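Could you walk me through this structure while I have it open in my viewer? I am new to it, so please tell me what to select at each stop and what is there.

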Amino acid sequence: MAVATVAALALSACGGGSEKAESKPAATSAAGSEAPSAFPVTVEHKYGSTTIDKEPKRVVTLGLSDQDAVLALGVKPVGAVDWFKEDPYGKWPWTKDKWGSDKPQIVGERDEYNVEKIAALKPDLVIAQYSGMKKEQYDTLSKFTKVVAQPKGLPDYGASWQVMTRQIGKSLGRADETEKLIEGIDARFEAAREKHPEWASKTLAVADSFEAGKYSAFTKTDPKSIFFQELGFKLKPEIDTLAKPGWNVAELSAEKLNVLDVDRLVWVTSSTDANTRIKAEPLYKKLKVNQDKRDLFVPYQDPDIGAAFSFNTVLSIPYAIDEIEPLLTAIK
């Protein structure tokens with residue numbers, strides 16, 4: 001329940017389970033010449049290891065953002081889960097061109113999978129990296145297909161984008177291509193750090209608020225925090241100590257808002273009403289980060305800046321860097 005709630009809390013403003021788009025499953029597309037000679041491959045994960053004997057042709061992604069890395073490697077999943085109360089092939093600017101006119105079947109909402117729908121797609125591989133897949137779910141799916149569960153030795157929703165991308169790339173027989181993708185993203189982060197060396201001396205926190213009097217600060221294992229750390233900012237360790245075990249978010253009352261008094265505070269919110277409510281909080285008004293106007297309010301959607309660094313994938317990161325850089329540099 002904890003990890004499922006974390007995922008919901010991190011993006012509950014946009015969460016939900018719409019299955020309105022149930023078009024005919026799209027076929028996967030070929031992704032180059034590497035795959036045929038790469039198999040068999042064995043991928044270790046939370047529930048053991050899975051050996052994939054031949055190039056997957058029909059892939060279903062059950063991690064909340066797994067489809068991005070799969071798409072980046074030239075394969076279109078035939079099935080995916082819902083997140084942000086949006087179809088995963090929806091309006092995200094970093095994936096539109098990758099999906100084209102093809103649409104995957106929606107086979108669940110977050111960690112609630114519709115096994116019958118998955119089975120009907122006849123997948124030869126199911127990938128669940130940014131997920132909280134349970135052992136029972138893994139065992140059920142493994143009865144009819146190959147399954148690569150979330151990375152071993154790490155909390156659910158706690159693996160870095162590099163780890164998850166490598167797991168996906170190995171599963172698809174695209175290890176070499178995957179390394180090139182990762183190197184390209186690492187170079188983007190490095191370029192941003194070199195352009196803004198001043199960020200290295202600044203502490204930053206990412207927060208949200210879904211209702212009056214309740215606030216959330218994201219820990220070092222959350223994709224949003226990872227994104228800003230890779231831009232060069234320092235995170236605040238106190239936030240991690242306030243989070244419940246297994247959670248990637250610390251729940252804060254108004255009396256605890258002082259933990260957010262950092263050099264740069266990024267609020268990622270779902271509405272202007274939330275922004276107004278946060279700014280009106282008397283205890284928040286007392287924070288120096290607010291008084292000095294070093295806080296930044298970023299929407300999840302419209303524009304999709306918050307969504308981009310919440311996904312924090314090889315496809316969304318370049319978009320997120322391009323959008324957030326001018327907003328950060330505008331803070332003096």
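A residue is called buried when its relative accessible area is under 20%, and exposed when that value is over 50%. With that in hand, the tour can begin; keep in mind that this is a predicted model.

**Stop 1: colour by confidence**

Start by colouring the chain by pLDDT. The average over the chain is 88, and 87% of the residues score at least 70. Now select residues 1–33: here pLDDT stays under 50, and the model has 90 contacts beyond four places in sequence for this stretch.

**Stop 2: helix α7**

Next, select residues 161–171, which make up helix α7. How many of its eleven residues are buried? Eight of them are, so the helix is largely enclosed by the rest of the structure. To see them, pick Trp-161, Gln-162, Met-164, Thr-165, Gln-167, Ile-168, Gly-169 and Ser-171, which are the buried residues of α7. Step just past the end of α7 and you reach Gly-173, whose phi is positive, at about 75 degrees.

Now look at what comes ahead of the helix. Gly-153 sits in the loop that runs between β8 (147–148) and α7. Is Gly-153 buried or exposed? Its relative accessible area is 83%, so Gly-153 is exposed. Add His-45 to your selection: 108 residues separate it from Gly-153 along the chain, while the C-alpha atoms of the two are 8.4 Å apart.

**Stop 3: a network of charges**

Go on to Arg-174, in the loop between α7 and α8. Which residue forms a salt bridge with Arg-174? The partner is Glu-55, with 2.8 Å between the closest N and O atoms. Glu-55 belongs to the loop between β2 (48–52) and β3 (59–61), so this pair ties together parts that are 119 residues apart in sequence. Show Lys-57 as well, since its side chain meets that of Glu-55 in a salt bridge of 3.6 Å, N to O. Together, Glu-55, Lys-57 and Arg-174 are linked in a network of salt bridges. Arg-174 has a relative accessibility of 1%, so it counts as buried. Glu-55 counts as buried too, at 19%.

The whole structure holds 16 salt bridges. Another one to select joins Lys-244 and Glu-251, where the closest N and O atoms are 3.9 Å apart. Lys-244 is partly exposed, at 46% relative accessible area, and Glu-251 is partly exposed as well, at 45%.

**Stop 4: a buried charge without a bridge**

Select Asp-68, found in helix α3 (residues 66–72). Asp-68 is buried but has no salt bridge. What is the nearest side chain of opposite charge? That is Lys-98, 10 Å away. Beyond its neighbours within four places in sequence, Asp-68 is in contact with Trp-94, Thr-95, Phe-311, Thr-313, Leu-315 and Ser-316.

Two of those names lead to the rings. Keep Trp-94 and Phe-311 on screen and add Trp-92 and Tyr-319: ring pairs link these four residues into a cluster.

**Stop 5: aromatic pairs**

A search of the whole structure gives 14 aromatic pairs. Zoom in on Phe-189 and Phe-227, whose ring centres are 5.8 Å apart and whose planes stand at 65 degrees, so the pair is edge-to-face. The two belong to distant parts of the chain: Phe-189 is in helix α8 (residues 175–195) and Phe-227 is in helix α9 (residues 223–230), 38 residues apart. Phe-227 also pairs edge-to-face with Phe-228, at 5.0 Å centre to centre and 85 degrees between the planes.

Are these rings buried or exposed? Phe-189 is buried at 1% relative accessible area, Phe-227 is buried at 0%, and Phe-228 counts as buried at 0%.

**Stop 6: lysines over rings**

For the last stop, select Lys-224 and Phe-218. Lys-224 lies over the face of Phe-218, 4.1 Å from the ring centre. Then move to Lys-279, which lies over the face of Phe-297, at 4.6 Å from the ring centre.

Notes: Residues are numbered from 1 along each chain as its sequence is written. This is a predicted model: local features need pLDDT of at least 70, side-chain atom pairs count only at pLDDT 80 or more; totals for chains, interfaces and linings use all residues. Side-chain values use heavy atoms; hydrogens and water are left out. Buried means under 20% relative accessible area, exposed over 50%, partly exposed in between (1.4 Å probe, protein chains only). Helices (H or I, at least four residues) and strands (E, at least two) are DSSP runs, numbered from the N terminus. Rings of Phe, Tyr and Trp (its six-membered ring) pair if their centres lie within 6.5 Å; planes under 30 degrees apart count as stacked, over 60 as edge-to-face and the rest as tilted. A charge sits over a ring if NZ of Lys or CZ of Arg is within 6 Å of the ring centre and within 35 degrees of the ring normal. pLDDT is the predictor's confidence in each residue, from 0 to 100. Contact means heavy atoms within 4.5 Å. A salt bridge is a side-chain nitrogen of Lys or Arg within 4 Å of a carboxyl oxygen of Asp or Glu. Lys and Arg count as positive and Asp and Glu as negative; His and the chain ends are not counted.
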